[in-house]
Amino acid sequence: MIKITPLKGFEYEKLDYNSYTATLKNKKYQSTVHGYDIYSQEVGDSKRPTIFIQSGIHGDEWQNLYFCREFFHALMGEADYGHSEKFARLAEKFHWYHLAGINPTGYTNHTRNNINNVDLNRDYDPWLGFGQHFTQAETQLSRDLYIQHKPIIGIDCHTWDPGASGVDLGGYAHVDSYYPNIYKKPRQYDVMYWDMLQDSVRLSLKQNDGFPPEMQVILVVGQNVNSSARAFFASQTSSANTPSMSYTFEIDDGHTLYNISSIGLTLLLIIGLYMENWWENRTLKLTQ
Ligand SMILES: [Zn+2]
């Protein structure tokens, strides 16, 4: 496990969707959905292994659009929240991909669901048996881009209600009767989950005086909600022919915006450092 000094946070306000996308650097148009132009941000050589980050699938969890954007700007050297040497290193080694604000109508209306009243995070279905199956333009876009880039990891970013902190959903990851075709994978996820995420995040965030001592982040391994983005990500194979890893995190939105952004940036950096070690050494634990 690692312990790093949390990144600085920043203050921000919720812009309208088009104003938000106007602030994205290195952006690339992907599609128009319900009248809104959706963009990605990319950093690094696309021949390198892709780390895929998706923001805003739940429209009312708007904060993650902003710390994901700033994480990419830090990778580009366009913003400095600390640990700039690590960002520069990680930007060299991977192809970073941010699908920015995948639910523009939910974002605009401040609703979890999209304008068709569909929870997009229940509209993926890699196993063709639960819930809905890519019925919406947003999930189709997310799916197609994921399949195109074949990431080594997919990260789906959320916030959650105040007081949700400390809940650990990772224990639900191994319901083998639900997920027979990926059941052989989760042993390695277990190691990564506990070492990288639980322990590193606890160690790193607890040392910041601004945060309460309990954990303020819920971390979820890929396999535990039917028809979710994380389950779909976990069902895929990477360009390196490895199982695509998949994580979701939920940040308690009872924090100040400054702390939410600090936690979000720190989480993404920890995952990036972990992936660096895994990619270069195929080591399931972090030792630095
Ligand atoms: Zn959510």
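## Helix α5, the strands it packs on, and the core

Leu-141 lies in helix α5. The model in which this residue is seen is a predicted one. With 19 C-beta neighbours inside 10 Å, Leu-141 counts as partly exposed, because a residue is called buried at 20 or more such neighbours. Leaving aside residues up to four places away in sequence, Leu-141 touches Gln-30, Ser-31, Val-33 and Ile-38. Val-33 is 108 residues from Leu-141 along the chain, yet the C-alpha atoms of the two are separated by 9.2 Å.

The helix that holds Leu-141 runs over residues 137–149. Its 13 residues should span 18 Å at 1.5 Å a residue, and the end C-alpha atoms of α5 are indeed 18 Å apart, which agrees. The buried residues of α5 are Glu-138, Thr-139, Ser-142, Leu-145, Tyr-146 and His-149. Viewed down the helix axis, the buried residues of α5 fall within an arc of 130 degrees, so they line one face of the helix. The spacing follows from helix geometry: an α-helix has 3.6 residues a turn, so residues three or four places apart point the same way. On the face of α5 turned away from the buried side are the exposed residues Ile-147 and Gln-148.

What do the buried residues of α5 pack against? Their partners are four strands and a helix: β1 (27–33), β3 (50–55), β4 (95–100), β5 (153–160) and α7 (229–234). After α5 comes Lys-150, which has a positive phi, near 45 degrees.

Two of these partner strands, β3 and β4, can be followed further. In β3, 6 of 6 residues are buried. Thr-50, Phe-52 and Gln-54 point one way from this strand, while Ile-51, Ile-53 and Ser-55 point the other way, and all are buried. Strand β4 is likewise mostly covered, with 6 of its 6 residues buried. Here His-95, Tyr-97 and Leu-99 point one way and Trp-96, His-98 and Ala-100 the other, and again all are buried. This is the pattern of a regular strand, in which the side chains alternate between the two faces of the sheet.

The pairing of the strands places β3 next to both β4 and β5. With β4, β3 pairs in the parallel sense over 5 bridges, and Ile-53 stands opposite His-98 in β4. With β5, β3 also pairs in the parallel sense, over 5 bridges; the bridge partner of Ile-51 in β5 is Ile-153. Strand β4 has a further partner in β2 (residues 36–43), and this pairing is antiparallel over 5 bridges. Within it, Ser-40 has Leu-99 of β4 as its bridge partner.

Helix α2 leads from these strands to the core. It covers residues 63–75 and, with 13 residues, reaches 19 Å from its first C-alpha to its last, close to the 18 Å expected at 1.5 Å a residue. Where α5 has a face with exposed residues, α2 is mostly covered: 13 of its 13 residues are buried. Just after α2, Gly-77 takes a positive phi of about 80 degrees.

Cys-68 ties α2 to the strands just described. Residues up to four places away in sequence aside, Cys-68 touches Ile-53, Ser-55, His-98, Ala-100 and Cys-157. The largest nonpolar core has 59 residues, and those that touch the most other members are Ile-51, Ile-53, Cys-68, Phe-71, Leu-75 and Ile-271. Helix α8 (residues 257–281) gives the most to this core, with 12 residues.

Is Glu-70, a residue of helix α2, buried or exposed? Glu-70 is buried, because 22 other C-beta atoms lie within 10 Å. Its contacts, not counting residues up to four places away in sequence, are Phe-10, Ala-79, Tyr-81, Ser-261 and Leu-265. The C-alpha atoms of Glu-70 and Leu-24 are separated by 8.9 Å, although the two residues are 46 apart along the chain.

The protein as a whole gives the setting for these parts. Its secondary structure comes to 8 helices and 7 strands. Of its 288 residues, 48% count as buried. Among contacts between residues at least 6 apart in sequence, 75% join residues at least 24 apart.

Terms used:
Residues are numbered from 1 along each chain as its sequence is written. This is a predicted model: local features need pLDDT of at least 70, side-chain atom pairs count only at pLDDT 80 or more; totals for chains, interfaces and linings use all residues. Helices (H or I, at least four residues) and strands (E, at least two) are DSSP runs, numbered from the N terminus. The expected span of a helix is 1.5 Å times one less than its number of residues. A residue is buried if 20 or more other C-beta atoms lie within 10 Å of its own, exposed if 12 or fewer, and partly exposed in between; C-beta atoms are placed from the backbone. The arc is that of the directions from the helix axis to the C-beta atoms. Two residues are in contact if their C-beta atoms, placed from the backbone, lie within 7 Å. A nonpolar core is a set of buried Ala, Val, Leu, Ile, Met, Phe, Trp, Tyr and Cys residues joined through C-beta atoms within 7 Å. Two strands pair if DSSP finds at least two bridges between them.
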